Amino acid sequence: MLAETICSAVSVAGLGIAAVTAYRKRFLAATRIAAYALVPVALVMTGFVEWVSGMVFDPTVWAGFGLLGLSWLLFMTTRAIERRGLAASGEPGKSGKSGKKVKGSPAAGAVAPAASAPSLGAARAGSQAQPAAPTEDFSDIEAILKKHGI
């Protein structure tokens with residue numbers, strides 16, 4: 001009963017503002033305000049306000065929302081743990097999806113760190129390392145500089 005009264009008062013106030021706006025010759029804005037002002041009364045007449053107020057004050061509904069929140073929290077926690085590769089067994093590949101690579105986890109066939117060092121071969125092993133001559137061709141850069149007069 002209180003919600004219906006409040007909605008009616010809001011609608012009357014909105015229609016009053018719409019009337020003042022129309023008096024100021026702003027008819028388009030007044031029509032828009034009147035449309036918004038009629039929404040609360042329409043919700044009361046359709047029974048939506050009674051349904052919402054019955055839902056809001058029902059403890060079973062709040063328990064349901066609590067369970068939905070708990071479910072979401074558990075889901076997000078397991079997703080975060082899975083993404084970090086900390087599955088229950090401690091091995092990222094054994095989390096049930098063996099073919100899926102987890103971000104941040106070491107790959108199954110990873111290359112040893114020493115394998116990334118350049119191999120010098122037997123011929124250059126005894127010689128001193130000489131500074132390599134620049135092998136890049138700077139002719140395109142020179143052409144651009146000449147074009148701009150530099």
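Q: Hi! Where is Val 12 found?
A: Val 12 is found in helix α1 of this predicted model.

Q: Is Val 12 buried or exposed there?
A: Val 12 counts as exposed, because its relative accessibility is 59% and the cut-off for exposed is over 50%.

Q: And how are Val 12 and Leu 38 placed, in sequence and in space?
A: They are 26 residues apart along the chain, and their C-alpha atoms are separated by 8.5 Å.

Q: OK, on to the helices. At what angle do the axes of α1 and α2 cross?
A: At roughly 170°, and the axes come within 8 Å. Helix α1 covers residues 2-23 and helix α2 covers residues 27-46.

Q: What does that make α1 relative to α2?
A: Roughly antiparallel, because the crossing angle of roughly 170° falls in the range over 145 degrees that counts as such.

Q: Nice. Which residues make the contact?
A: From α1, the residues include Glu 4, Cys 7, Ser 8, Val 10, Ser 11 and Gly 14. From α2, among them are Phe 27, Ala 29, Ala 30, Ile 33, Ala 34 and Leu 38.

Q: What sits in the loop between α1 and α2?
A: Lys 25 lies in that loop.

Q: What's the phi of Lys 25?
A: About 65°, a positive value, although Lys 25 is not a glycine. Most residues other than glycine have a negative phi.

Q: Is Lys 25 buried or exposed?
A: Lys 25 is exposed, with a relative accessible area of 65%.

Q: Changing topic: which residues make the nonpolar surface patch?
A: Leu 67, Leu 70, Trp 72, Leu 73, Leu 74, Phe 75 and Met 76 make that patch, which comes to about 750 Å².

Q: Let's pick Leu 70. Where is its place?
A: Leu 70 is in helix α4, which spans residues 59-84.

Q: Why does Leu 70 count as partly exposed?
A: Because its relative accessible area is 45%, and partly exposed lies between the 20% and 50% cut-offs.

Q: Zooming out, how many helices and strands does the chain have?
A: Five helices and zero strands, so to speak an α-α-α-α-α pattern when read along the sequence.

Q: How much of the chain is buried?
A: Buried residues make up 8% of the 150 residues.

Q: And how much surface does the chain expose?
A: About 12,900 Å², with carbon and sulfur atoms supplying 68% of it.

Q: Last one: what share of the contacts with a separation of 6 or more comes from residues 24 or more positions apart?
A: Those residues account for 29% of such contacts in the chain.

Definitions and conventions. Residues are numbered from 1 along each chain as its sequence is written. This is a predicted model: local features need pLDDT of at least 70, side-chain atom pairs count only at pLDDT 80 or more; totals for chains, interfaces and linings use all residues. Side-chain values use heavy atoms; hydrogens and water are left out. Patches are made of residues with over 30% relative accessible area and no salt bridge: like charges are joined within 9 Å, nonpolar side chains (Val, Leu, Ile, Met, Phe, Trp, Tyr) within 5 Å. Accessible areas come from the Shrake-Rupley method with a 1.4 Å probe; for residues, only the protein chains shown count as cover. A salt bridge is a side-chain nitrogen of Lys or Arg within 4 Å of a carboxyl oxygen of Asp or Glu. Helices (H or I, at least four residues) and strands (E, at least two) are DSSP runs, numbered from the N terminus. Buried means under 20% relative accessible area, exposed over 50%, partly exposed in between (1.4 Å probe, protein chains only). Axes are lines fitted to C-alpha atoms, for helices over the stretch in contact, and angles run from 0 to 180 degrees between N-to-C directions. Contact means heavy atoms within 4.5 Å.
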